[in-house]
Amino acid sequence: MTLARIDDIQMAYTDSGIGRPIVLIHGYPFNRTLWNEQIAALSSSYRVIAPDLRGFGESDASEGPATMNQMARDVVLLLNHLGIVRATIAGLSMGGYVALALYKQLPSRVRALVLADTRAQADTEEAKQTREQQAEKALTEGMAGIADAMLPKLLTPETVSKRPEIVKRVRDMMLKTKPEGAAAALRGMAAREDQTDLLPKISAPALILVGAEDAITPVADSEKMHHAIAGSRLIVLENAGHVSNLERTEQFNDALQDFLKELPN
Ligand code: MLT
């Protein structure tokens, strides 16, 4: 593990391989190990950077809501620290919210975008209230209840019943998350801006991936992004839910590698 001082926190990250850089941004409430299989597959041809977002994994948590803008800024500061001017920015779910925020802040730093199991819309009022309840729950009761409630929404019923190793992996990541980090991210996600208007302004090549059975950010959300981002590519992964990179690793990696290979120099 490598640590860097980023703004007010110590940020943990993986930096593996040599080549054109790609940043993999994990979702909530996970950490950079979400990407282990993608790091392994890509780092023979690319420089793969996978941070633990603030409050997650081995990165410090901070006071107050961890906004998507702050997390995007953290990623840019990490790129600065590593001397990387431009990178492909890939994010899954909350990582996708961060990727869109980063594009909005500094489009010139983004060679290409990969938006996996995510959406451009902001939370509804009802969703904001649920986030606040979840934040309180995390802080008062810890992560176990949150993990149990989330699991069936994250994975397909087939994965839940037939692939115990994936269930364990996802559950363990959630249980390792610091309650204060989870609460800060929940409040940050609730406060995030709607990025729908940004989509038609995106000129970077964009790959959109989504599990056909994603119950949290359904295929319709990805279709909306696909229609709004000119030239984007949409791939729907069969037999996958919200954590499609884990449930259909080979298909996810093939789609990512094909996209990266075709990027202009
Ligand atoms: C995630 O996977 O990052 C979250 O489920 C996204 C969300 O809750 O909106």
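**Exercise 1. Find the largest pocket and describe its lining.**

Step 1. Begin at the middle: 23 residues line the largest pocket, and those nearest its centre are Thr130, Arg131, Met150, Lys153 and Ile216. Keep in mind as you explore that this is a predicted model.

Step 2. Next, look at which helices take part. At least two lining residues come from each of α3 (94–105), α4 (125–141), α5 (144–154) and α8 (179–190).

Step 3. Now sort the lining by class. The largest pocket has 12 nonpolar, six polar and five charged residues in its lining.

Step 4. Finish with the volume, which is about 580 Å³ for the largest pocket.

**Exercise 2. Locate the ligand and list its surroundings.**

Step 1. Where does the ligand sit? Its place is the largest pocket, so you can stay where you are.

Step 2. Pick out the residues around the ligand. They are Gly27, Tyr28, Ser93, Met94, Tyr97, Arg119, Arg131, Met150, Met189, Ile216 and His242.

Step 3. Classify this shell: six of its residues are nonpolar, three are polar and two are charged.

**Exercise 3. Trace the polar contacts of the ligand.**

Step 1. Start with the backbone. An N or O atom in the backbone of Met94 is 2.8 Å from a ligand oxygen atom.

Step 2. Move on to side chains. In Tyr97, a side-chain N or O atom lies 2.5 Å from an oxygen atom of the ligand. For the side chain of His242, the distance between an N or O atom and an oxygen atom of the ligand is 2.8 Å.

Step 3. How much of the ligand's accessible area does the protein cover? On its own the ligand has 270 Å² of accessible area, and the protein covers 95% of that.

**Exercise 4. Inspect the backbone at two residues of the ligand shell.**

Step 1. Take Tyr28, which is among the residues surrounding the ligand. The peptide bond that leads from Tyr28 to Pro29 is cis, and its omega is near -5°. Pro29 belongs to the loop that runs between β3 and α1 (36–42).

Step 2. Turn to Ser93, also one of the residues around the ligand. Is phi of Ser93 positive or negative? Phi of Ser93 is positive, near 55°, and this residue is not a glycine. You will find Ser93 in the loop between β5 (87–92) and α3.

**Exercise 5. Describe the second largest pocket.**

Step 1. Read off its volume, about 150 Å³ for the second largest pocket.

Step 2. Name the lining. Among the residues that line the second largest pocket are Asn31, Arg32, Asp52, Glu58, Arg169, Asp172 and Lys176.

Step 3. Count by class: this lining of the second largest pocket holds one nonpolar, four polar and six charged residues.

**Exercise 6. Search for enclosed space.**

Step 1. How many cavities of 30 Å³ or more does a search of the whole structure find? The search finds one.

Step 2. Give the volume of the largest cavity: about 40 Å³.

Step 3. Identify what lines the largest cavity. The residues are Arg20, Pro21, Ile22, Tyr46, Thr88, Arg111, Leu260 and Leu263. Strand β3 (residues 20–25) contributes the most to this lining of the largest cavity, namely three residues.

Step 4. Close with the classes, which for the lining of the largest cavity are five nonpolar, one polar and two charged.

Key. Residues are numbered from 1 along each chain as its sequence is written. This is a predicted model: local features need pLDDT of at least 70, side-chain atom pairs count only at pLDDT 80 or more; totals for chains, interfaces and linings use all residues. Side-chain values use heavy atoms; hydrogens and water are left out. A residue is near a molecule or strand if one of its heavy atoms lies within 4 Å of it. A polar contact is a pair of N or O atoms within 3.5 Å; within protein, one must be able to donate a hydrogen and the other to accept it, and residues adjacent in sequence count only if both atoms are side-chain atoms. Accessible areas come from the Shrake-Rupley method with a 1.4 Å probe; for residues, only the protein chains shown count as cover. On a 1 Å grid over the protein atoms alone, a cavity is a set of points where a 1.4 Å probe fits but cannot get out, and a pocket is an open set with protein on both sides within 12 Å along at least five of seven lines; lining residues have an atom within 4 Å of a point. A molecule sits in a cavity or pocket if more than half of its atoms lie within 2 Å of its grid points. Ala, Val, Leu, Ile, Met, Phe, Trp, Tyr, Cys and Pro count as nonpolar, Asp, Glu, Lys and Arg as charged, and the others, Gly among them, as polar. Grid points are joined across faces, edges and corners, and a volume is the space filled by probe spheres set on the points. Helices (H or I, at least four residues) and strands (E, at least two) are DSSP runs, numbered from the N terminus.
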